[in-house]
Amino acid sequence: MKSAIVASTFITSALAAAGAYQQCGGSGFSGETTCISGWTCTVLNQWYSQCLPGAATTSTTAVRTTLTTSTVAAGPTAPATPPGKFKWFGVNEAGAEFGQDTYPGLWGKHFTFPSNSAMQTLINQGYNTFRVGFAMERLAPTTLTGTFDAAYLRNLTESINYITNAGAYAVLDPHNFGRYFGKIITNVNDFKSFWTKLATQFVSNPRVIFDTNNEYHTMDQQLVFDLNQGAIDAIRATGATSQYIWVEGNAWSGAWTWISSGNGASLVNLRDPENKMIYEMHQYLDTDGSGTNEACVSTTIGTQRLQEATAWLRANKKLGVLGEFAGGANPTCQAAVKGLLDHLKANSDVWTGALWWAAGPWWGDYMYGFEPPSSTGYTYYNSLLRGYM
Ligand SMILES: *[C@@H]1O[C@H](CO)[C@@H](O)[C@H](O)[C@H]1NC(C)=O
């Protein structure tokens with residue numbers, strides 16, 4: 001809120017220069033690369049430079065920053081993901097899917113949307129990906145083939161647009177576990193109809209990522225395959241061809257059970273005509289891998305639980321993303337999380353990134369909460385995570 005007010009004050013006085021908190025550089029950016037007086041174009045990551053207050057008090061800083069910016073912006077031959085660098089690194093944003101027993105429920109009571117200022121705090125530190133959970137029952141309140149609720153869609157779209165206008169990636173995450181009103185979705189055509197409507201809304205936003213569904217589980221494996229393939233086909237048919245699609249597996253999409261669950265053998269056959277499909281897996285480090293206990297099994301459990309999935313990705317020439325991971329705020333988990341991230345980074349030829357579970361305005365003192373400025377996970381893990389951008 002504060003930064004929005006400051007921004008509009010300065011934008012009106014800006015003359016052929018990027019305004020306060022505006023984008024001023026980054027791979028693929030073609031706008032103004034200098035900032036208004038008193039603000040400095042600061043490289044936050046490869047894809048995003050932003051005008052931040054004050055830093056340009058000496059000309060040395062300004063010159064160096066300008067050079068860095070133009071190098072980044074003018075690098076058409078630079079690979080999208082340099083070796084050892086994640087394409088996506090960020091957090092889940094929970095809130096719009098809350099109140100899962102109460103549909104549609106009330107905004108502000110049963111569910112809420114991400115906080116723009118909290119997300120901006122993370123973006124300013126280099127987090128570039130936000131996976132925004134929502135409930136299919138609120139977006140499509142009558143049937144999967146029915147019209148979307150305009151107010152819920154508007155609020156969801158505002159969150160997504162905030163993220164992508166800030167230069168980050170927004171993952172649309174129907175947080176539904178392959179279910180709709182508690183029943184397993186068995187009609188693939190209905191599911192395709194839902195995805196046709198959703199993808200149509202975001203067809204022209206290249207920074208949106210489509211996640212077919214959160215954590216299918218306890219379902220027929222062929223159905224999980226068919227729902228994923230149906231979503232891919234429906235999304236591409238809308239003309240949304242530039243965006244990435246993240247597919248998920250059965251068994252809560254666990255990395256550690258990717259092979260034993262049958263996901264590997266089945267989902268290896270998914271086809272995306274645009275070849276922009278990413279296998280999204282999740283991994284927690286407590287005993288049963290459910291992410292419900294703040295204790296981690298050991299300091300090495302993060303690395304151990306990823307090894308099979310890494311080998312599968314590489315053997316099958318696939319790309320993966322760790323869409324959810326977390327650990328409790330204690331030294332054993334910290335070492336385990338570090339091991340997990342080190343493993344992902346060392347294998348960044350097949351792992352494209354990772355997202356912490358989870359930020360969001362309503363976590364209170366939740367053990368993994370990552371909402372700035374004071375959530376448990378954020379205060380304990382932010383400095384560690386920032387080392388992997
Ligand atoms: C959308 O957000 C506004 C506040 O910005 C709120 O008043 C409204 O109830 C929300 N509606 C839904 C359906 O989320």
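**Group meeting: a walk through the model**

Let's start with S253, which sits in the loop between strand 10 (245-248) and helix 8 (263-267). Helices here are DSSP runs of H or I with at least four residues, strands are runs of E with at least two, and both are numbered from the N terminus. S253 has a positive phi of about 55° although it is not a glycine. With 28 C-beta neighbours inside 10 Å, S253 counts as buried. The cut-offs, with C-beta atoms placed from the backbone, are these: buried means 20 or more other C-beta atoms within 10 Å of the residue's own, exposed means 12 or fewer, and partly exposed is in between.

Before I go on, a word on what this is: a predicted model, where local features need pLDDT of at least 70, side-chain atom pairs count only at pLDDT 80 or more, and totals for chains, interfaces and linings use all residues. Residue numbers start from 1 along each chain as its sequence is written.

Back to backbone oddities. Most residues other than glycine have a negative phi, and most peptide bonds are trans. E215 is not a glycine either, and its phi is positive, about 50°. You'll find E215 in the loop between strand 9 and helix 7 (221-237), and it is buried, with 20 other C-beta atoms within 10 Å. Then the cis peptides: one runs from W357 to A358, with omega near 0°, and A358 lies in strand 13 (residues 351-359). Another joins P372 and P373, with omega about 5°; P373 is in the loop between strand 13 and helix 11.

Now zoom out. How many helices and strands are in the protein chain? There are 11 helices and 13 strands. Of the 389 residues, 48% are buried. And if you take the contacts between residues at least 6 apart in sequence, 71% join residues at least 24 apart. Contact here means that the C-beta atoms of two residues, placed from the backbone, lie within 7 Å.

On to helix 5, residues 150-165. Its 16 residues should span 22 Å at 1.5 Å a residue, and the end C-alpha atoms are 21 Å apart, which agrees. The expected span, by the way, is 1.5 Å times one less than the number of residues. Which residues of helix 5 are buried? They are Y152, L156, S159, I160, Y162 and I163. They cover an arc of only 155° around the axis, so they are on the same side of helix 5. That arc is taken over the directions from the helix axis to the C-beta atoms. On the other side of helix 5, A150, A151 and R154 are exposed. The buried residues have plenty to pack against: strand 4 (88-96), helix 3 (116-124), strand 5 (129-134), helix 4 (136-139), strand 6 (169-174) and strand 9 (208-211). After the helix comes G167, with a positive phi near 90°.

Two of those helix 5 names, A151 and Y152, come back at the ligand, which is surrounded by W107, A151, Y152 and N155. To be in that shell, a residue needs its C-beta atom, placed from the backbone, within 6 Å of the molecule. By class the shell has 3 nonpolar residues, 1 polar and no charged. Ala, Val, Leu, Ile, Met, Phe, Trp, Tyr, Cys and Pro count as nonpolar, Asp, Glu, Lys and Arg as charged, and the others, Gly among them, as polar.

Helix 6 (residues 188-201) makes a nice companion. Its 14 residues reach 20 Å from first C-alpha to last, close to the 20 Å expected. Its buried residues are F191, K192, F194, W195, L198 and A199. Those span an arc of only 160° around the axis, so they too are on the same side of their helix. They pack against helix 4, strand 6, strand 9 and helix 7.

Last stop, a helix pair. Helix 9 (residues 301-315) and helix 10 (residues 331-346) have axes that come within 6 Å and cross at roughly 35°. Those axes are lines fitted to C-alpha atoms over the stretch in contact, and angles run from 0 to 180 degrees between N-to-C directions. From helix 9, I301, G302, T303 and L306 meet A336, V337, G339, L340 and H343 in helix 10. This contact divides into 5 nonpolar, 4 polar and no charged residues.

Just ahead of that pair, V297 is in the loop between strand 11 (277-284) and helix 9. V297 is partly exposed, with 19 other C-beta atoms within 10 Å. Leaving aside neighbours within four places in sequence, V297 is in contact with L285, D286 and T287.
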